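Work through the exercises below with the model open beside you. Try each task before reading its solution.

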Amino acid sequence: MYRKSTFANGLRIVSESIPYMSSVSLGLFVGTGSRFESPSEQGVSHFIEHLMFKGTFRRSAKEIAEIVDDVGGQLNAATDRENTCYYIKVLPDHLPLAMDVLSDMLLNSKIAGTDVEKERQVVLEEINLYEDSPDELIHDLHLNSLWPGHALGRNILGTRETIGGMDRNTILAYKMNHYAPDKIVIAAAGNLDHDRLVELAHQYWEKVQGSSISQQELIPIFAPGRLMQEKDIEQLHICIGTPGFSHDSDDFYASHVFNTILGGGVSSRLFQSIREDRGLAYSVCSFPTSFRDAGLLTIYTGVSPENSREVVELIRSIVDDIQINGVRPDEVKRAKEQLKAGLMFSMESSASRMSRIGRAEISAREYLTSEKLSAKVEAVTQEQLFELARPLYQKDTTCITALGPVDKAGLEGWS
């Protein structure tokens, strides 16, 4: 089902052909993100993502938007901590256009000085919007608190200081060092032919030269503790984190089953106990985050200050019960079915399939068929989940972050 080709310059092309689909999704993945930025460069990867849409030597920003809209396509991009992706979804006949547009953006963007200044203001407004959204801000505060001093703990958008002081030369130098063919993966899924995809890529990428700079990736060190940040808002937003599992961990799939039982859905223990049974919070959930060499399991909730202590005590009691008594067979079965169904539902989208194989390739991970993924989920045992849960959320493996009216909540006694 999957095919891969590699050019002499190191660029990789991976695809999944699904002839019955009525669309094709194409993504250009670059193996850089906020993790690879120095403190003074914070936000440059995201800044570059914005600038790729501002026009090339062949097309203006308006022409890029119009040519995609003319064929009913969907064009977007996303910057993550370990990679950046530019992607487009079109009808199969328009795959050549999709390859042309994305390649033009990455290879021929002007990054003109006037565009840098204009987009600088757009990014600063995005930072303002982000800081006005406490349910988003809390998560970056949390990462910065538990991985202090490490790039994984820093905000992807950057700060007003770094973005405000970033000049065009810094941006161009970072792009030259990181947007090299040996750090790029072209991924596609849907109604396509791999050989034709390679032919299209050959027109733009075969002769591109250059190699990326090598960087030492420091493993983040988890720091237990607490951060209470006052903010004049109605709700108290709380994150409780514990070290999780990397992409390559033997417990990666077990961690997703465990998370689903803990707080990954409406039948989870956290949701049922805190929202359904007691009505103490509208939003309560848990979720795993995985990177190449580290991971995190986070519990999040937004509550009224007067309910915060009771909610945290409930969270503690739920985790304690799992660690002492384990999880029930019916919970394990339900969680596995949820995960397998979610996987199969995602297979109905060419964009999801493209993203899955592209992210796997750019991160040097094996991309598995849905059958193999389902088998890995099914192989998780009740005993494995019990052993996995034991070291989580202990005194030396817990970081608590709260944002909002912390003074009204009386949280000074939290540990």
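**Exercise 1. Classify D330 and R334 by accessibility, then describe how their side chains meet.**

Step 1. D330 has 34% relative accessibility, so D330 counts as partly exposed. Buried means under 20% relative accessible area, exposed over 50%, and partly exposed in between (1.4 Å probe, protein chains only).

Step 2. R334 is at 37% relative accessibility and therefore also counts as partly exposed.

Step 3. Place both residues. D330 and R334 lie in helix α12 (residues 329-346), 4 residues apart, about one turn of the helix. Helices (H or I, at least four residues) and strands (E, at least two) are DSSP runs, numbered from the N terminus.

Step 4. Their side chains form a salt bridge, at 3.5 Å from N to O. The criterion is a side-chain nitrogen of Lys or Arg within 4 Å of a carboxyl oxygen of Asp or Glu.

Step 5. Widen the view. R269, D321, R328, D330, E331 and R334 are joined into one network by salt bridges that share partners.

A note on the source: this is a predicted model, in which local features need pLDDT of at least 70 and side-chain atom pairs count only at pLDDT 80 or more, while totals for chains, interfaces and linings use all residues. Residues are numbered from 1 along each chain as its sequence is written, and side-chain values use heavy atoms, with hydrogens and water left out.

**Exercise 2. Find the salt-bridge partners of R3 and K4, and state where each partner lies.**

Step 1. Take the total. The structure holds 27 salt bridges.

Step 2. R3 pairs with D195; their closest N and O atoms are 3.1 Å apart. This pair links distant parts of the chain: R3 is in strand β1 (residues 2-6), D195 is in helix α8 (residues 194-205), and 192 residues separate them.

Step 3. Check accessibility. R3 is partly exposed at 42%. D195 is partly exposed at 40%.

Step 4. K4 pairs with E361, with the closest N and O atoms 2.9 Å apart. Again the pair links distant parts of the chain: E361 sits in helix α13 (residues 350-362), K4 in strand β1, 357 residues apart.

Step 5. Check accessibility here too. E361 is buried, at 8% relative accessibility. K4 is partly exposed, at 45%.

**Exercise 3. Lay out the five-stranded sheet and identify its edges.**

Step 1. Write the order. The open sheet of 5 strands runs β7-β11-β8-β10-β9, with mixed pairing. Two strands pair if DSSP finds at least two bridges between them. Strands of a sheet pair through backbone hydrogen bonds, either parallel or antiparallel.

Step 2. Which strands stand at the edges? They are β7 (225-230) and β9; each has a single partner strand, so one side of each is left without a neighbour in the sheet.

Step 3. Gauge the turn. Neighbouring strands are turned by 15° against each other on average, direction ignored.

Step 4. Go through the pairings.
- β7 and β11 (residues 399-404) are parallel over 6 bridges, and L227 stands opposite T401 in β11.
- β8 (residues 236-243) and β10 are antiparallel, joined by 8 bridges; I240 is opposite I299.
- β9 (residues 283-290) and β10 are antiparallel, joined by 8 bridges; T289 is opposite L296.

Step 5. Note the connection. β9 and β10 form a hairpin with 4 residues between them.

**Exercise 4. Decide whether β10 is covered on one face or both, and name the helices that pack on the sheet.**

Step 1. Count. In β10 (residues 295-303), 9 of 9 residues are buried.

Step 2. Split by face. G295, L297, I299, T301 and V303 are buried on one side, and L296, T298, Y300 and G302 on the other. Both faces are covered.

Step 3. Add the helices. Helix α5 (residues 134-146) lies across β7, β8, β9, β10 and β11, at about 145° to β11. Helix α11 (residues 308-325) packs on the sheet, touching β8 and β10, and its direction makes about 145° with that of β10. Contact means heavy atoms within 4.5 Å. Axes are lines fitted to C-alpha atoms, for helices over the stretch in contact, and angles run from 0 to 180 degrees between N-to-C directions.
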